Amino acid sequence: MDHFSAQKSDVSASRKLSKTGLFFIAATGGIATAISIVCIPFVSPAFRKICLPYVPATHQQIKNVLQALNGRSGSLIDLGSGDGRIVLAAAKHGFKAHGIELNTWLVWYSRFKALINGLSNDTAFFKQDLWKYNLRKYDNIVIFGVDQMMEDMEKKFNRELCKDSLVIACRFPLPNKHPVMTIGHGVDTVWVYKMPQS
């Protein structure tokens with residue numbers, strides 16, 4: 001092979017290699033972008049002042065919430081409703097149940113679950129900031145909070161809730177209120193409050 005042919009062969013191999021390299025860069029870049037788009041709604045709470053992570057309610061927590069609601073009726077809202085399982089369980093027990101959630105994917109997933117379970121008429125899911133959403137029209141409120149937010153939530157309940165509203169706090173209690181009932185233990189504990197209290 002003469003020098004010119006060898007150079008031509010090297011150029012050809014280099015072009016082939018660069019096309020393969022570009023393909024892999026494009027493919028991995030596309031995959032990384034897709035993963036970022038899917039993950040941003042789940043990760044972004046970590047960048048807020050108070051993080052309310054998505055942790056699905058356990059079967060026992062749902063049972064404890066329903067026990068706390070025994071004898072109650074009317075409207076219910078789950079603050080930070082996640083995948084909608086509390087809202088759907090409440091709707092099955094006769095409540096007009098709403099959920100508010102910042103994660104768009106979880107809101108759409110909850111609406112889909114309501115649809116396939118025949119509960120669309122008794123449920124509604126909204127993409128909302130729970131701090132800006134007025135709770136005045138609700139008889140029953142469920143909150144799966146984190147410790148750092150419960151004092152501010154308590155102030156919000158005092159400002160907005162009507163007489164004889166029921167608050168069911170899961171995982172962490174309200175810091176300055178006395179529960180009328182405590183159900184369960186450990187991570188599944190729920191604290192039940194009549195609001196507002198003096």
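This is a chat about a few local features of a predicted model.

User: Let's start with cysteines. How many disulfides does a search of the whole structure find?
Analyst: Zero, going by this predicted model.

User: OK. And C170, buried or exposed?
Analyst: C170 counts as buried, because its relative accessibility is 1% and the cut-off for buried is under 20%.

User: What about C162?
Analyst: C162 is partly exposed, at a relative accessible area of 35%. That value falls between the 20% and 50% cut-offs, so "partly exposed" is the label.

User: Switching to helices. At what angle do the axes of α2 and α3 cross?
Analyst: Roughly 45°, and the two axes come within 10 Å. Helix α2 covers residues 59-68, and helix α3 covers residues 85-92.

User: Why is α2 called oblique to α3?
Analyst: Because the crossing is roughly 45°, and angles under 35 degrees would count as roughly parallel while 65 to 115 would be roughly perpendicular. The angle here fits neither range, so α2 is oblique to α3.

User: Left-handed or right-handed crossing for α2 and α3?
Analyst: The α2 and α3 crossing is right-handed.

User: Which residues make the contact?
Analyst: From α2 you have I62, V65 and L66. On the α3 side the contact uses R85, I86, A89 and A90.

User: How does that contact of α2 with α3 split by class?
Analyst: Six nonpolar residues, one charged and no polar ones. The charged one is R85 of α3.

User: While we're in α2, where is Q60 found, and what is G184 doing with it?
Analyst: Q60 is found in helix α2. Its C-alpha atom is separated by 8.4 Å from the one of G184, although these two residues are 124 apart along the chain.

User: Is Q60 buried or exposed?
Analyst: In between: Q60 is partly exposed, with a relative accessible area of 34%.

User: New topic, backbone. Which residue has a positive phi of about 70° although it is not a glycine?
Analyst: That's D164. You'll find D164 in the loop between α5 (150-160) and β5 (165-170).

User: How much relative accessible area does D164 have?
Analyst: 44%, so D164 counts as partly exposed.

User: And R171, what's its phi?
Analyst: Near 75°, which is again a positive value in a residue other than glycine.

User: Where does R171 sit?
Analyst: R171 is in the loop between β5 and β6, and β6 spans 181-183.

Terms used:
Residues numbered from 1 in each chain as written. Predicted model: local features only at pLDDT ≥ 70, side-chain atom pairs only at ≥ 80, totals over all residues. Heavy atoms only, no water. Disulfide = S-S within 2.5 Å. Buried < 20%, exposed > 50% of the residue type's maximum accessible area, 1.4 Å probe, protein only. Axes fitted to C-alpha atoms, helices over the stretch in contact; angles between N-to-C directions. Helix = DSSP H or I, 4+ residues; strand = E, 2+ residues; numbered from the N terminus. Parallel < 35°, antiparallel > 145°, perpendicular 65-115°, else oblique. Left-handed = near helix turned anticlockwise from the far one by under 90°. Contact = heavy atoms within 4.5 Å.
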